[in-house]
Amino acid sequence: MILEGKTILIMGIRNKWSIAWGVAVSAHENGAKVIFTHHPAEKEEKIKELISELPGAKSYSCDVSSDEEIRKCFETIKKEQGNIDGILHSIAHANTEDLRNDFIFTSREGFSHANDVSAYSLVAITRIAKEVNMLNERASIVALTYFGAEKVVEGYNLMGVAKAALETSIKYLAKDIGKEKMRINAISAGPIKTLSAKGIKDFGTILDVVEKRAPLHENVTTKQVGDVASFLFSSLSSAVTGEIIHVDNGFSIIGV
Ligand SMILES: NC(=O)c1ccc[n+]([C@@H]2O[C@H](COP(=O)([O-])OP(=O)(O)OC[C@H]3O[C@@H](n4cnc5c(N)ncnc54)[C@H](O)[C@@H]3O)[C@@H](O)[C@H]2O)c1
């Protein structure tokens with residue numbers, strides 16, 4: 001039980017296919033108390049029903065594009081649930097037209113929106129969590145990224161640029177919060193069929209290519225991603241910070 005006695009806040013639950021759910025299940029199985037946040041547009045009843053599988057779990061509404069909302073949400077969580085040992089950032093968004101068109105046609109507004117929700121939100125969450133003093137000593141933050149930040153992936157477009165900003169933010173944040181012995185890392189997950197993934201053109205082809213070329217010749221599951229997140233939340237990874245860990249069945253090591 002590597003997370004016994006820890007409370008983990010999972011931000012970005014949508015449904016049972018969400019990577020956030022796989023992380024929550026793993027954290028729960030490893031002994032953590034798990035709480036959630038969801039976007040205000042998600043159906044509260046459905047989320048309540050899903051998380052009722054984890055005893056005592058509660059979800060709070062939080063739109064991460066507003067600092068004020070994040071602050072209000074974190075203050076409520078601190079008041080009702082006490083301090084937190086780990087936060088999962090499992091959130092991304094881009095306008096559909098910005099993913100469907102060639103990257104060169106990305107609008108100024110679309111670029112700003114995708115980077116705001118998918119990358120800047122991690123900076124805001126980390127800063128505000130510290131400001132409201134909701135993090136326990138040696139807290140660990142984990143975010144989700146994708147290979148499209150490193151290399152061009154057909155159809156990933158603007159989201160690849162936002163993930164690159166997210167990955168570099170992690171390194172700078174690691175330096176800042178390291179002063180207080182807190183850690184932040186990202187998992188670069190292989191492609192997984194989720195509602196967000198549906199926004200990527202020809203996502204099925206990406207899954208097929210991974211199965212064909214990855215050293216382990218299969219696609220990853222949300223639970224496999226969750227197990228690595230549990231490791232990152234636990235003291236087993238106490239010397240790991242500012243890292244991007246690939247959980248992709250080895251796909252990213254393959255050249256020709
Ligand atoms: N599915 C994949 O292939 C894959 C691979 C690597 C990384 N990721 C990343 O994993 C994370 C989770 O995505 P997923 O695939 O599980 O899809 P998902 O659709 O289940 O989760 C995305 C979540 O982001 C939330 N969200 C969007 N805008 C928000 C906002 N303004 N405020 C608060 N929440 C907001 C949605 O409500 C949703 O819960 C994302 O960062 C995604 O980029 C996904």
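Where is the place of Leu236? In this predicted model, Leu236 sits in the loop between helix H8 (222-233) and strand E7 (244-247). Its relative accessibility is 59%, so Leu236 counts as exposed. Together with Ile2 and Phe231, Leu236 makes a nonpolar surface patch of about 250 Å².

A patch of another kind is formed by charged side chains. Glu44, Glu45, Glu49 and Glu53 gather on the surface as a patch of negative charge. Of these residues, Glu53 can be placed in the loop between helix H2 (44-51) and strand E3 (59-61). Glu53 counts as exposed because its relative accessibility is 57%, and exposed residues are those over 50%.

We turn next to the aromatic rings. A pair of aromatic rings is described by the distance of the centres and the angle of the planes. Across the whole structure, a search finds three aromatic pairs. One of them is formed by Trp21 and Phe36, whose ring centres are 6.3 Å apart and whose planes meet at 25°, so the pair is stacked. This pair links distant parts of the chain, with Trp21 in helix H1 (residues 19-29) and Phe36 in strand E2 (residues 33-38), 15 residues apart. Trp21 and Phe36 are both buried. An edge-to-face aromatic pair is formed by Tyr146 and Tyr156, at 4.7 Å centre to centre and with 65° between the planes. Both tyrosines, Tyr146 and Tyr156, lie in the loop between strand E5 (135-145) and helix H6 (157-178), ten residues apart. Tyr146 and Tyr156 are buried as well.

The charged pairs complete the picture. Side chains of opposite charge can pair when their charged atoms come close. The structure holds eight salt bridges, among them one between Arg14 and Glu42, where the closest N and O atoms are 3.0 Å apart. Arg14 is found in the loop between strand E1 (7-11) and H1, and Glu42 in the loop between E2 and H2, so this salt bridge ties together parts that are 28 residues apart in sequence. The two partners can also be described by their accessibility: Arg14 counts as partly exposed at 32% relative accessibility, whereas Glu42 is buried, with a relative accessible area of 17%.

Asp67 and Arg127 also meet through their side chains in a salt bridge, at 3.3 Å from N to O. Because Asp67 lies in helix H3 (residues 67-81) and Arg127 in helix H5 (residues 108-131), the pair ties together parts that are 60 residues apart in sequence. Asp67 is partly exposed, at 34% relative accessibility, and Arg127 is partly exposed too, with a relative accessible area of 30%.

Within helix H8, a salt bridge joins the side chains of Lys223 and Asp227 (3.2 Å, N to O). These two residues are four residues apart in that helix, about one turn. Lys223 has a relative accessible area of 28% and is partly exposed, while Asp227, at 34% relative accessibility, also counts as partly exposed. Some salt bridges share partners, and in this way Asp67, Arg71, Arg127 and Glu131 are joined into one network.

Conventions. Residues are numbered from 1 along each chain as its sequence is written. This is a predicted model: local features need pLDDT of at least 70, side-chain atom pairs count only at pLDDT 80 or more; totals for chains, interfaces and linings use all residues. Side-chain values use heavy atoms; hydrogens and water are left out. Patches are made of residues with over 30% relative accessible area and no salt bridge: like charges are joined within 9 Å, nonpolar side chains (Val, Leu, Ile, Met, Phe, Trp, Tyr) within 5 Å. Accessible areas come from the Shrake-Rupley method with a 1.4 Å probe; for residues, only the protein chains shown count as cover. A salt bridge is a side-chain nitrogen of Lys or Arg within 4 Å of a carboxyl oxygen of Asp or Glu. Lys and Arg count as positive and Asp and Glu as negative; His and the chain ends are not counted. The place of a charge is taken as NZ of Lys, CZ of Arg, CG of Asp or CD of Glu. Buried means under 20% relative accessible area, exposed over 50%, partly exposed in between (1.4 Å probe, protein chains only). Rings of Phe, Tyr and Trp (its six-membered ring) pair if their centres lie within 6.5 Å; planes under 30 degrees apart count as stacked, over 60 as edge-to-face and the rest as tilted.
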